[in-house]
Amino acid sequence: MPQIVFLPNAEHCPEGAVVEANTGETIIEAALRNDIDIVHACEMSCACTTCHVIVREGFNSLEPSDELEDDMLDKAWGLEPESRLSCQARVGQQDLVVEIPRYTINQVNESH
């Protein structure tokens with residue numbers, strides 16, 4: 001079972017976290033199941049960029065992003081080559097190291 005290491009983020013996981021992930025589940029599903037509340041304003045439908053993450057290790061083990069995700073990522077704050085929407089990035093067999101960016105393009109978010 002692969003692990004996801006979430007790097008420290010002052011708002012979402014101040015001390016960082018290591019969680020078990022199921023192959024085939026999305027990064028955000030694993031995060032939410034482990035009480036790491038990544039913002040997801042569109043209810044994980046690939047219609048916003050609030051769940052943007054940067055995959056620092058294991059990026060190449062993810063299935064490639066599709067055109068819709070790429071179009072949305074173009075709007076993300078702090079976009080990097082290893083950026084993904086956590087609602088679209090499905091965990092493979094390899095461990096991941098993920099950074100949750102400090103800011104999102106959205107000024108308002110709702111608690112879920």
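Here are some exercises with worked solutions on this predicted model.

**Exercise 1. Work out how the secondary structure is laid out along the chain.**

Start with the inventory: the protein has two helices and five strands. Now put them in sequence order, and you get β-β-α-β-α-β-β.

**Exercise 2. Check the overall dimensions against the globule rule.**

Take the 112 residues and ask what a compact globule would give: a radius of gyration near 13 Å. The protein has 13 Å, so the two agree. For the extents, the C-alpha trace spans about 35 × 30 × 20 Å along its principal axes. As for the surface, about 6,200 Å² is accessible, and 46% of that belongs to carbon and sulfur atoms. On the inside, 43% of the 112 residues count as buried.

**Exercise 3. Find out how far along the sequence the contacts reach.**

Keep just the contacts between residues at least 6 apart in sequence. Of these, 65% join residues at least 24 apart.

**Exercise 4. Locate the mean positions of the positive and negative charges relative to each other.**

Count first: there are 6 positive and 21 negative charges. Then average each set, and the two mean positions turn out to be 2 Å apart.

**Exercise 5. Take apart the largest nonpolar core.**

A bit of background: in soluble globular proteins, nonpolar side chains tend to be buried together. Here the largest such core has 26 residues, and the ones that touch the most other members are I4, F6, I27, I36, I38 and L96. Next, see which elements give two or more residues: β1 (3–6), β2 (17–20), α1 (27–33), β3 (52–57), α2 (67–73) and β5 (96–99). The largest share, four residues, comes from α1.

Now zoom in on I36. Skip its neighbours within four places in sequence, and I36 is in contact with F6, H12, C13, A17, V19, A31 and I100.

**Exercise 6. Decide whether T26 is buried or exposed, and list what T26 touches.**

First, place the residue: T26 sits in the loop between β2 and α1. Its relative accessibility is 2%, so T26 counts as buried. Then look for partners, leaving out residues up to four places away in sequence: T26 touches S86, C87, Q88, A89, R90 and V91.

**Exercise 7. Describe the surroundings of G78 and L79.**

Step one is location. G78 lies in the loop between α2 and β4 (83–85), and L79 is in the loop between α2 and β4 too.

Step two is exposure. With a relative accessible area of 36%, G78 is partly exposed. L79 has 40% relative accessibility, so L79 counts as partly exposed.

Step three is contacts, again without neighbours up to four places away. G78 is in contact with H52, I54 and S83, while L79 touches H52, L73 and D74.

Step four is distance. L79 and H52 are 27 residues apart along the chain, and their C-alpha atoms are separated by 8.5 Å. For G78 and L32, the gap is 46 residues in sequence and 22 Å from C-alpha to C-alpha.

**Exercise 8. Examine D35 and C46, two residues with positive phi that are not glycine.**

Begin with the angles: phi of D35 is near 60°, and phi of C46 is about 65°. D35 belongs to the loop between α1 and β3, and C46 is in the loop between α1 and β3 as well.

Finish with accessibility. D35 has 71% relative accessibility and counts as exposed, whereas C46, with a relative accessible area of 6%, is buried.

Definitions and conventions:
Residues numbered from 1 in each chain as written. Predicted model: local features only at pLDDT ≥ 70, side-chain atom pairs only at ≥ 80, totals over all residues. Heavy atoms only, no water. Rg over C-alpha atoms; globule rule 2.2 N^0.38 Å. Buried < 20%, exposed > 50% of the residue type's maximum accessible area, 1.4 Å probe, protein only. Contact = heavy atoms within 4.5 Å. Areas by Shrake-Rupley, 256 points an atom, 1.4 Å probe, with all protein chains shown as cover. Lys, Arg positive; Asp, Glu negative; His and termini not counted. Charge placed at Lys NZ, Arg CZ, Asp CG, Glu CD. Core = buried A, V, L, I, M, F, W, Y, C linked by side-chain atoms within 4.5 Å.
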